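Trainee: I'm new to this one and would like a close look at a single part of it. Could you pick a spot around one of the bound ligands and walk me through it?

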Amino acid sequence: MSEDASAAPRYLERADFDRLLEALAARGYTVIGPRVEGGAIVYDELSTSAELPIGWGDEQEGGHYRLRRRGDAALFGYNLGPSAWKRHLHAPRVKLLEAARDADGRLRFERVPAPQPRRAFLGVRACELAAIGVQDRVLVDGAHVDPHYAARRESLFLVAVNCGQAAATCFCTSMETGPRVQGGHDLALTELLDASRHGFLVEAGSDAGAALLEALPTRAADAADIAAAGAAVANAAAGQVRQMAQAGIRDALYDRLEHPRWDEVASRCLSCANCTMVCPTCFCTTVEDVTDLSGEHAERWRRWDSCFTLDFTHLHGGPARTSAKSRYRQWLTHKLAGWHDQFGESGCVGCGRCITWCPVGIDITEEVAALRALPDPSANGAS
Amino acid sequence: MLPRVFTVAARHEETADTFTLELLAEDAADLAFAPGQFNMLYAFGRGESAISISGDAAEPQRLVHTIRAVGTVTRALAELAPGAQLGVRGPYGTAWPLAAARGRDVVFVAGGIGLAPLRPAILEVLAARRDYGRVVLLYGARTPGDVLYAAEIARWRARGDIEIHVTVDAAGSDWRGNVGVVTQLVRRAGFDAAHALAMLCGPEIMMRYTVVELGRAGMSPNDVHVSLERNMKCAIAFCGHCQYGPEFICRDGPVFPYDRVARWFDAREL
Ligand SMILES: Cc1cc2nc3c(=O)[nH]c(=O)nc-3n(C[C@H](O)[C@H](O)[C@H](O)COP(=O)(O)OP(=O)(O)OC[C@H]3O[C@@H](n4cnc5c(N)ncnc54)[C@H](O)[C@@H]3O)c2cc1C
Ligand code: SF4
Ligand code: SF4
């Protein structure tokens, strides 16, 4: 990015917000952003700001989610819904290949081209931007590149939003992923809404973002705008009631593989896999092989999978992880410990979705605290 | 991710449920590999399975796999006759530490089908026999009928430069060999524990006890190498199924120095 791209924040009036959508559309982007559907915020195609969750906030707790009226006209006055951007990048179902077998039994394979939609994501929170980065490390930055993810990712334009409030389930400050966006975005918005105005502080995070920003009817942001934006983000940070201490977490978990808390949490966990489906970083998949009626054509599909299922570790002789305890332990230790070894960072961004969408309200921050409160009685020299 | 097309050139029955396929690439290109690596074999419409390469790395034009029919994919592979085709992608994973073994005694310990992934390593050691010290193969199978590569084992024995002990869990009165678990053979084998390197492949429980026995014999854990196995869907560290502690067995394994995975070896249901 060139030096001056992010240099000067701009101010965009709410009344001009649709110019942003129009500018994206004019550049060939399909805009995907938040809207209210079935009582929740979901990310879907948008064409005007009228389709945004205007005036909606969300109320979240362990096992609890409800939209509520804020009493204002904020566009981004909620925090997070159940479905992460993952759905649009690491798609739930992808056809990997086609195979044909002729009458003589000769095989032929065909690659399925990866669609490369030109899309803009609107309203990406700091934790979600971090989660996209985490999935990039898994799916494109390693020795192998997932062509389906890479194609969707490459053409992406990211409009981020700094949070002005936290949900009770948020803990991005612990994970150091938010509430202010920290990079990877093209544009970052901070919503400024008070008695005297409704607008957005807009900052460019890339050359593409800076170019788009130039095409919008903005004015230079003044000191009051910048101070108000800072206060909004500070409010989101101060409002976080959950924490998860990160120092030493990797070894603390590795040293507690036989901790009694695993049995305790397993007695509550339903192995429903909700937590893995809503988590923006969970990447595991399985494959399905199908043939048509003629038996001459076969397809191989990839779909999201979860380490909470018994089939996940099935090998001749049965599953490796039979108990609910072993599966919860795998999920949590992979996310918070193994990920550091594998990818040099945590697999958790602190979005709190797994807390909200767990039907029995199991809380990852509470489980970690309980595990760390006592050493593993069976381990030697536990930290 | 796209498999290559291979044709079955020959097929041998090894035991009641295990068979060996010799495969030739339709594109005639070699499939070069290092002993210990595996391929994903695709049976049309049924799916893929991770199968170690059991052939000779010095003959990369002929791909050899020994497969035990246990489920959907492996049973479909069992139906393939000469001339039939299948998909192959690979090779994947880490290799047996043959370079590090040069000049040292080498101890191979195999359980059941675990002899198949060790076979390319044994072939390479025997082909350059003078580069190694004493060579020992300890092999355990369920019954005499489950012993893999029986004719080849007899030929290896006849060379006189490899010490071989075979044991079975149970046998009739016509079996003249050992009965009992393979770990008991460690004590009998002639090798210099201080200068040996061991390569283990078999059920986890068998490897766990063998590591203990080798330790008792004086071997250091970082001279022991194990090949691990988990469900695998992609073999390129995307699907998440083969995770074992922080390791992706498909990428960081299947062959590991024991000390790298020792921390996980005793945990149950990992
Ligand atoms: C690195 C490596 C090397 C290997 N080398 C060899 C080798 O050289 N020779 C050899 O014979 N084997 C080898 N194996 C083992 C081999 O991969 C498995 O035996 C094989 O994949 C089984 O596949 P299948 O379709 O025949 O069996 P299935 O049991 O039918 O399994 C197929 C898949 O379907 C699913 N599935 C099937 N049944 C169930 C169920 N009841 N519940 C849940 N899920 C189910 C599982 O996800 C499974 O992955 C190796 C494995 C690894 C990881
Ligand atoms: S583990 Fe929970 S809090 Fe962490 S990123 Fe996943 S869903 Fe969000
Ligand atoms: S922790 Fe909660 S969401 Fe996750 S599998 Fe268990 S019951 Fe389901």
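Mentor: Let's start with ligand 3, since the space it takes is the second largest cavity. Bear in mind that this is a predicted model. There are 13 residues around ligand 3, and those that come nearest are A:Cys269, A:Leu270, A:Cys272, A:Cys275 and A:Cys358. Sort that shell by class and you get 11 nonpolar residues, 2 polar ones and no charged ones.

Now hop over to ligand 2. Around ligand 2 there are 13 residues too, and here A:Cys279, A:Cys348, A:Cys351, A:Gly352 and A:Cys354 come nearest. Two elements of chain A each give two or more residues to this shell: helix H11, residues 324-343, and helix H12. What does the shell around ligand 2 look like by class? It has 9 nonpolar, 2 polar and 2 charged residues.

Helix H12 deserves a stop of its own. It covers residues 353-356 of chain A, and A:Thr356 is part of it. Is A:Thr356 buried or exposed? It is buried, because its relative accessible area is 2%, and the cut-off for buried is under 20%. Its side chain makes a polar contact with the side chain of A:Thr169, at 3.4 Å. Setting aside neighbours within four places in sequence, A:Thr356 is also in contact with a run of residues that takes in A:Gln60, A:Glu61, A:Gly62, A:Gly63, A:His64 and A:Tyr65.

While we're at it, have a look at two places where the chains meet. On chain A, A:Thr286 sits in strand S13, residues 285-291. A:Thr286 counts as buried because its relative accessibility is 8%. Beyond its neighbours within four places in sequence, A:Thr286 is in contact with A:Trp301, A:Arg302, A:Arg303 and A:Asp305, and across in chain B with B:Lys233 and B:His241.

From the chain B side, try B:Tyr42, which you'll find in strand S3, residues 38-43. B:Tyr42 counts as buried too, because its relative accessibility is 0%. Leaving out residues up to four places away in sequence, B:Tyr42 touches A:Ala99, A:Phe109, A:Asp289, A:Ala298 and A:Arg300 of chain A, along with B:Gly47, B:Glu48, B:Leu86 and B:Gly87 of its own chain. A polar atom of the B:Tyr42 side chain also lies 3.0 Å from the backbone nitrogen of B:Gly45. As for B:Asp17, it is 25 residues from B:Tyr42 in sequence and 19 Å away in space, C-alpha to C-alpha.

Key: Residues are numbered from 1 along each chain as its sequence is written. Chains are lettered from A and ligands numbered from 1 in the order in which they are written. This is a predicted model: local features need pLDDT of at least 70, side-chain atom pairs count only at pLDDT 80 or more; totals for chains, interfaces and linings use all residues. Side-chain values use heavy atoms; hydrogens and water are left out. Helices (H or I, at least four residues) and strands (E, at least two) are DSSP runs, numbered from the N terminus. Buried means under 20% relative accessible area, exposed over 50%, partly exposed in between (1.4 Å probe, protein chains only). A polar contact is a pair of N or O atoms within 3.5 Å; within protein, one must be able to donate a hydrogen and the other to accept it, and residues adjacent in sequence count only if both atoms are side-chain atoms. Contact means heavy atoms within 4.5 Å. A residue is near a molecule or strand if one of its heavy atoms lies within 4 Å of it. On a 1 Å grid over the protein atoms alone, a cavity is a set of points where a 1.4 Å probe fits but cannot get out, and a pocket is an open set with protein on both sides within 12 Å along at least five of seven lines; lining residues have an atom within 4 Å of a point. A molecule sits in a cavity or pocket if more than half of its atoms lie within 2 Å of its grid points. Ala, Val, Leu, Ile, Met, Phe, Trp, Tyr, Cys and Pro count as nonpolar, Asp, Glu, Lys and Arg as charged, and the others, Gly among them, as polar.
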